[in-house]
Amino acid sequence: MLNIYTAILFFSFFFFNPISQASERAEWEAVVNKTLSRNPNSVLQLLKDRYTSLPPSSEKLYIASRIHDYMTRHGLHYFGSDNATQLAYSKEEKQFIEALNKEENKQFFEASEIYQELYSRMKQRQDSDGIFLFEYHLCRLLNLQGNYLHSQNFCDQLQHSLEHSSNPVLPRYRAFIVIAKNLELIGDYKGALDYYKRLLDEIPEGTDTAEIFNDIGLLLCTLGQYQQALEYLYRALTLHIENHNDDGIAQTEHSLGEVYHHKGELHQSIAHFNKARLIHLKKNDLRGLAYVHLGLGKSHNELGAFHEGINELLKGLDYAIQYKDIGLKSDIVLALSNSYVQKKYYRQAEYYGLKAKTLAEESQNARTLTQALRQLAKIADKSGKYELALSYYREYVENEITIRDQEHFKALEALDQSTSSLQQKNLRSELLTQNEQLNNHVELMKQERRYLLLLIVLLLLSIAYLVHKSVHLKSNQKMDGLTDALHRTVFINHLKTVEKPQTLETRNVVILFDIDNLKLINDRYGYGVGNKALRTISNMMKKCLKKDDFWGRLGGDEFITVLTNVDQYEVQQRVESLHKALTSRPYWYHINEAGSKKPLYLSTSFAFMATAGQISDFNQLYSVLDQALFKTKQKGQNCIFDACSDSIDCSFALKTQ
């Protein structure tokens, strides 16, 4: 039932004023807007009364869409009305309502096809109201789909119709909203702001402007005009609060969070996102919760609170999965990947990058796939996987080229649907110019790809050189520069890796030896000759040691070597063979005053032990072998001494018989 005020207003407009059809439509919209602000529950009856009073027409279709919108907002279903005397009209209305319901279920492509079929039918019968109505819906829906070039064609047609119609079937301000949105989406921000200004000038008194202020605020944020953006958003928030519109409050709180995030005031951003989150939780709005946790995750990560950011993004991903929105899931997964890249956790970043790629392929979303490939290329590059990075970059460039080709095709396809008016010819010329520019850009991208490949090849060569140099440096750090023996620390660490002998009949042999009187050689003949003695040791050790044997320099003239898996009956022979190899050949020839050559031979003292047990304890080994080497010196130089003799405690090792 209409309240008294609404009834008086209604009758005063329609019965006591001799008004034209144009003003009658405008006045009726004014009544609806005022009723919405003062007695929202009466609006549905107003819409039904208007619907009943109209003959079969495009205006009746528009009112049916208003009834559908009202019922959907209140959680009710609407499928149109049946009228046996108006079968043709009823069929079109059912098609129209079916398209609106498909939109609610996110079946945008199917809804778009129905709108285009109805639009073609309106053009065939030259129904100006119907043409205007479906230009509006196609402009709006294609904006929502992200098909901006195709949408631009219908938005331009709608703009043309708007300028040549004094009595449009739906309010002019509604058309201004979708046209402004399209201009914003194609990057014409100045044009979008101009339309929003026109919208504010023409919007009827009593119309809720909160959503418009919200959109203007977000546009100003895109332009970097944060203070003005906040002014519009706070005006929107005030209106939503006055109207007790929780959905609107949540939307604007989210928008404020976005603006403060871009402005760098992250604590404020988090506070507004949390306010939106509480409202979405109350209403169990899965989509809203997914977006708000995405915003919270990004803000926490910008603050450096990495774990909080990741937790928020994972919550958002969970809500997106429940909501079954692949596009939203892709956005959150890419945000997770970016977060891990910032922390240099490239393994996790790659996991989410691959997940985004899979989602994009499943949904056939070329733009998201391109973003995922670019992200994976960046991760591979930072991880040092340059061949993989090159592969992803190639795929990224190929996808980018494909997308641009598709955009060209869609732009030309959109033109084919337009008539041959001067405006459309100008639009075609403009798009062809844009097409040529995009082709030039594609050629430029191909050229850049060639340069990129060359750069990557040079980079790989540089990396190969640096790796080689690094290996060489590491090798020098591990080995003594003069003898190529392992440094003391490196030898001790390597000793810990040696396993027990493979069989009961084999032993690991450890030999501690030094050069007798190396100091005397240096003093008498100079350090150059002493170094020759050391190099002779090095050359002979390299020849005598087997694959798994190794040796090290403990300092000065003291060396240690390990012979692995030696037959227990060949231990003495191997040790004596090594001793003989070091001492049997002259290391230098001294020329005396008479000019005759005198060969100089090395003298080395050996202490060894053979064991079937572990040899990882260097200190224990060295203690035993050092005592044995001391006893060797007592016996005389150039001798060999078994450390596991009865005079030395060698209980931890098995004695060699």
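Buried, as the word is used in this report, means a relative accessible area under 20%, while exposed means over 50% and partly exposed covers the values in between, with a 1.4 Å probe and protein chains only. By that definition Arg50, at 8% relative accessibility, counts as buried.

This is a predicted model, in which local features need a pLDDT of at least 70 and side-chain atom pairs count only at pLDDT 80 or more, whereas totals for chains, interfaces and linings use all residues. Residues are numbered from 1 along each chain as its sequence is written, and side-chain values use heavy atoms, with hydrogens and water left out.

## The chain as a whole

The protein chain has 657 residues, of which 46% count as buried. It contains 26 helices and seven strands, these being DSSP runs numbered from the N terminus (helices H or I, at least four residues; strands E, at least two). Among contacts between residues at least 6 apart in sequence, 60% join residues at least 24 apart, a contact meaning heavy atoms within 4.5 Å. The chain exposes about 34500 Å², and carbon and sulfur atoms supply 51% of that area, as computed by the Shrake-Rupley method with a 1.4 Å probe, where for residues only the protein chains shown count as cover.

## Salt bridges

A search of the whole structure finds 19 salt bridges, each defined as a side-chain nitrogen of Lys or Arg within 4 Å of a carboxyl oxygen of Asp or Glu. Three of them are set out below.

| Salt bridge | N to O distance |
|---|---|
| Glu59 and Arg50 | 2.7 Å |
| Glu202 and Arg172 | 3.1 Å |
| Lys519 and Asp523 | 3.0 Å |

In the bridge between Glu59 and Arg50, Glu59 is buried with a relative accessible area of 9%, and Arg50 is buried at 8%. For the second pair, Glu202 lies in helix α10 (residues 189-202) and Arg172 in helix α9 (residues 172-185), so the salt bridge ties together parts that are 30 residues apart in sequence. Glu202 counts as partly exposed at 37% relative accessibility, and Arg172 is likewise partly exposed, at 25%. In the third pair, Lys519 and Asp523 are four residues apart in helix α23 (residues 518-525) and are therefore separated by about one helical turn; both Lys519 and Asp523 are exposed. Elsewhere, salt bridges that share partners join Glu92, Glu117, Arg121 and Arg125 into one network.

## Aromatic rings

A pair of aromatic rings is described by the distance of the centres and the angle of the planes. Rings of Phe, Tyr and Trp (its six-membered ring) pair if their centres lie within 6.5 Å, and planes under 30 degrees apart count as stacked, over 60 as edge-to-face and the rest as tilted. By this rule the count comes to 16 aromatic pairs. One of them is the edge-to-face pair of Tyr119 and Phe154, with 5.5 Å from centre to centre and 80° between the planes. This pair links distant parts of the chain, with Tyr119 in helix α6 (residues 108-124) and Phe154 in helix α8 (residues 148-163), 35 residues apart. Tyr119 and Phe154 are both buried. In addition, Phe306, Tyr340, Tyr345, Tyr351 and Tyr352 form one aromatic cluster.

Charged groups also sit over rings, which is taken to require NZ of Lys or CZ of Arg within 6 Å of the ring centre and within 35 degrees of the ring normal. The charged end of Arg198 sits over the ring of Tyr195, 5.0 Å from its centre, and that of Arg235 sits over the ring of Phe213, 4.3 Å from its centre.

## Strand β1 and its partners

Strand β1 (residues 506-515) is mostly covered, with ten of its ten residues buried. In a regular strand the side chains alternate between the two faces of the sheet. In β1, Thr506, Asn508, Val510, Leu512 and Asp514 point one way and Arg507, Val509, Ile511, Phe513 and Ile515 the other way, and all are buried.

Two strands pair if DSSP finds at least two bridges between them. β1 pairs with strand β3 (residues 558-567) in the antiparallel sense over eight bridges, and Ile511 stands opposite Thr561 in β3. With strand β6 (residues 604-611), β1 again pairs in the antiparallel sense over eight bridges, and the bridge partner of Ile515 in β6 is Thr604.

## His261

His261 is found in helix α13 (residues 246-263) and counts as buried, at 17% relative accessibility. Leaving aside residues up to four places away in sequence, His261 touches Leu266, Ser269, Lys298, Ser299 and Glu302.
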